[in-house]
2 protein chains.
Amino acid sequence: MFNRPSIEEIQDATLAKPGSKIDLKEYPTHGKVFFADKAEAKRSLKEDALAIDELQERLYAEKSQSLLVVFQGIDTSGKDGTTKAVFSQTSPLGMRVHAFGKPSANELDRDYLWRIHRDMPRKGEITVFNRSHYEDVLVGRVRNLAPKDQIEERYEQINNFEKHLTQNGVTIIKLMLHISRETQGERLLERLEVPEKRWKFNPGDLEDRKLWDDYQDAYQLAVERCSTEYAPWYIVPSDSRARRKATAARLVRGALEKMDPKIPDPGYRPEQFDIG
Amino acid sequence: MFNRPSIEEIQDATLAKPGSKIDLKEYPTHGKVFFADKAEAKRSLKEDALAIDELQERLYAEKSQSLLVVFQGIDTSGKDGTTKAVFSQTSPLGMRVHAFGKPSANELDRDYLWRIHRDMPRKGEITVFNRSHYEDVLVGRVRNLAPKDQIEERYEQINNFEKHLTQNGVTIIKLMLHISRETQGERLLERLEVPEKRWKFNPGDLEDRKLWDDYQDAYQLAVERCSTEYAPWYIVPSDSRARRKATAARLVRGALEKMDPKIPDPGYRPEQFDIG
């Protein structure tokens, strides 16, 4: 063990404390305070991914609880890469990823939580949201996609919705992938320069980049108002890919360990049955 | 390389030739003819799983085709384990597994292909069906869940449906996991004897086991009538776990290689944009 932080240490350092004022600028983006050594971050990720697989198998067998992991973060913050890394050892049998893009006409015909509710994990499953209902208080707020007073009401609506879910067997953790403006600039340039990454470049991302401060403010507000005891927000330093993945894996493993799923034993004995 | 069969050899040996009479008994269940050496089967699986991951990333980036892999097989034939092994390296971002159990009341209110169509892969995705519409000509036939003449009509309906899908960008491969009656007996006993596996034991499976011959006949008929050029059936020897996984991985890799997905290049150049 070289400086590996415990799950509790990572939780404490990244948690947006429920009921407290949040200043995003106080949360590091580099992550070196958690994993001084990059190689150690990689080892930690690998071990946690294996542990997550084992916990997922127990969750699947138990079939009574479920886990929802929400990834939010500005463009290039690493939502896809983190999902792939954290669940690299996990069977696709018991997990799903839902990416929430611009709502379809069918989705816009309902309230903004309708499509979110529709894609909840089943009992025994892990679901990852790549973006989520938080977009409705992020891009929704920054781009004035709804009247101001409606946006203001959403934070409480989201808290009530998430409370309802957790009271009905869904464990929720929310990870904000936190990067610096400089890192985003480097990653956007990388997408343009590396031919295999060029398909990921979306000129529209530059429009959002011009609104960097507005987005940071919207994130800060969402995290501050919606980090709760039952559905906490964690702010994950994401400038370093290896450290970001390792930190996220610690948090997901921590949530699953707390759920402590158990393989059920129906109590059958071989002598009860004639296999023939 | 120690005796590793090529993808083409595996395809040829396992294919239920479209338009031909099929005798299931002529297809081996042990798989030793493909992989004489078990360790070699494991190496082959590992390499194919990595190749499948890389192909899936290209498919996801390309976003124009999709792959549907249907796993069918009698209880304990290894549908779950094969899914996990073949896609052990694949990101959950671009793949989904749908397990089709007994239809819900909502599903029974529609025709039997309705729920199947609903869960088709999106462009760029791989979807695995753990059981499928074939249950409607398997358990449907054996247990007389619909009038005989209606069941008879389904084979053609399924072929037309699958043709429609393949004409619209979905590549389909169907794998029947083929085990002997003895192997099923051993695996059922194992589920009873090993405490961590006991939750998988379903006393109802013994009722189906009594109908072994009827199920084999129903499988033979389904494979014979529905193995087509556009959506072939492969009969995978599945008594040996390692060989079954390795064989399935060769077939999935073969399908993806034939699809040959390409990462798109939108042609952007760094100098076109001001990242700021």
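Let me start at the far end of the fold, with B:Asp260, which is found in the segment after α11 (241-259) of chain B. I should say at once that this is a predicted model, and that what follows is computed from its atoms or, in one place, taken from a record. Phi of B:Asp260 is near 50°, which is a positive value in a residue other than glycine, and at 33% relative accessibility B:Asp260 counts as partly exposed, given that the partly exposed class lies between the buried cut-off of 20% and the exposed cut-off of 50%. In chain A, likewise, α11(A) is followed by A:Asp260, whose phi is positive and near 50°.

That brings me to the helix itself in chain A. Does the length of α11(A) agree or disagree with what 1.5 Å a residue would give? The 19 residues of α11(A) should span 27 Å on that basis, and because its end C-alpha atoms are 27 Å apart, the two values agree. As for its surroundings, 15 of the 19 residues of α11(A) are buried, so the helix is largely enclosed by the rest of the structure.

From the helix I move to the strands. Strand β4 of chain A, residues 170-178, is mostly covered, with 8 of its 9 residues buried. On one hand, strand β1 of chain A, residues 66-73, pairs with β4(A) in the parallel sense over 8 bridges, and within β4(A) it is A:Ile172 that stands opposite A:Leu68. On the other hand, β4(A) also pairs with strand β5 of chain A, residues 233-237, again in the parallel sense and over 5 bridges; here the bridge partner of A:Lys174 is A:Trp233, which belongs to β5(A).

For chain B, I would point to one residue, B:Leu177, which has its place in strand β4 of that chain, residues 170-178. B:Leu177 has a relative accessible area of 1% and is therefore buried, the cut-off being under 20%. B:Leu177 and B:Ile235 are 58 residues apart in sequence, and yet their C-alpha atoms are 6.3 Å apart in space.

With the helix and the strands of chain A in mind, let me turn to the second largest pocket, which holds about 500 Å³ of space. Its lining counts 22 residues, and those nearest its centre are A:Ile173, A:Glu229, A:Pro232, A:Tyr234 and A:Lys258. Which elements of chain A supply at least two residues each to this lining? They are α1 (7-14), β4 and α11 (241-259), and the largest share, 6 residues, comes from α11(A). By class, the lining of this pocket divides into 12 nonpolar, 5 polar and 5 charged residues.

Now to the enclosed spaces. A search of the whole structure finds 2 cavities of 30 Å³ or more. The largest cavity has a volume of about 50 Å³, and it is lined by A:Gly140, A:Arg141, A:Asn144, A:Ala146, A:Lys148, A:Ile151 and A:Glu152. Both α6 (139-142) and α7 (148-167) of chain A supply at least two residues of that lining, with α7(A) giving the most, namely 3 residues. The classes here are 2 nonpolar, 2 polar and 3 charged residues.

One of these lining residues, A:Asn144, deserves a closer description. A:Asn144 is found in the loop between α6 and α7 of chain A, and its phi is near 50°, a positive value in a residue other than glycine. Is A:Asn144 exposed or buried? At 52% relative accessibility, A:Asn144 counts as exposed, because the exposed class begins over 50%; and A:Asn144 is also among the residues that line the largest cavity.

The second largest cavity holds about 40 Å³ of space. Its lining comes from chain B, and consists of B:Arg141, B:Asn144, B:Ala146, B:Lys148 and B:Ile151, which by class gives 2 nonpolar, 1 polar and 2 charged residues.

I will finish with the record. For residues 37-261 of chain A, UniProt lists "domain: Polyphosphate kinase-2-related", in an unreviewed entry. In the model, that span is 53% helix and 14% strand, and its end C-alpha atoms lie 32 Å apart.

Note on methods
Residues are numbered from 1 along each chain as its sequence is written. Chains are lettered from A and ligands numbered from 1 in the order in which they are written. This is a predicted model: local features need pLDDT of at least 70, side-chain atom pairs count only at pLDDT 80 or more; totals for chains, interfaces and linings use all residues. Side-chain values use heavy atoms; hydrogens and water are left out. Buried means under 20% relative accessible area, exposed over 50%, partly exposed in between (1.4 Å probe, protein chains only). Helices (H or I, at least four residues) and strands (E, at least two) are DSSP runs, numbered from the N terminus. Two strands pair if DSSP finds at least two bridges between them. UniProt positions are given in the numbering used here, feature names are shortened, and annotations may be inferred rather than shown by experiment. On a 1 Å grid over the protein atoms alone, a cavity is a set of points where a 1.4 Å probe fits but cannot get out, and a pocket is an open set with protein on both sides within 12 Å along at least five of seven lines; lining residues have an atom within 4 Å of a point. Grid points are joined across faces, edges and corners, and a volume is the space filled by probe spheres set on the points. Ala, Val, Leu, Ile, Met, Phe, Trp, Tyr, Cys and Pro count as nonpolar, Asp, Glu, Lys and Arg as charged, and the others, Gly among them, as polar. The expected span of a helix is 1.5 Å times one less than its number of residues.
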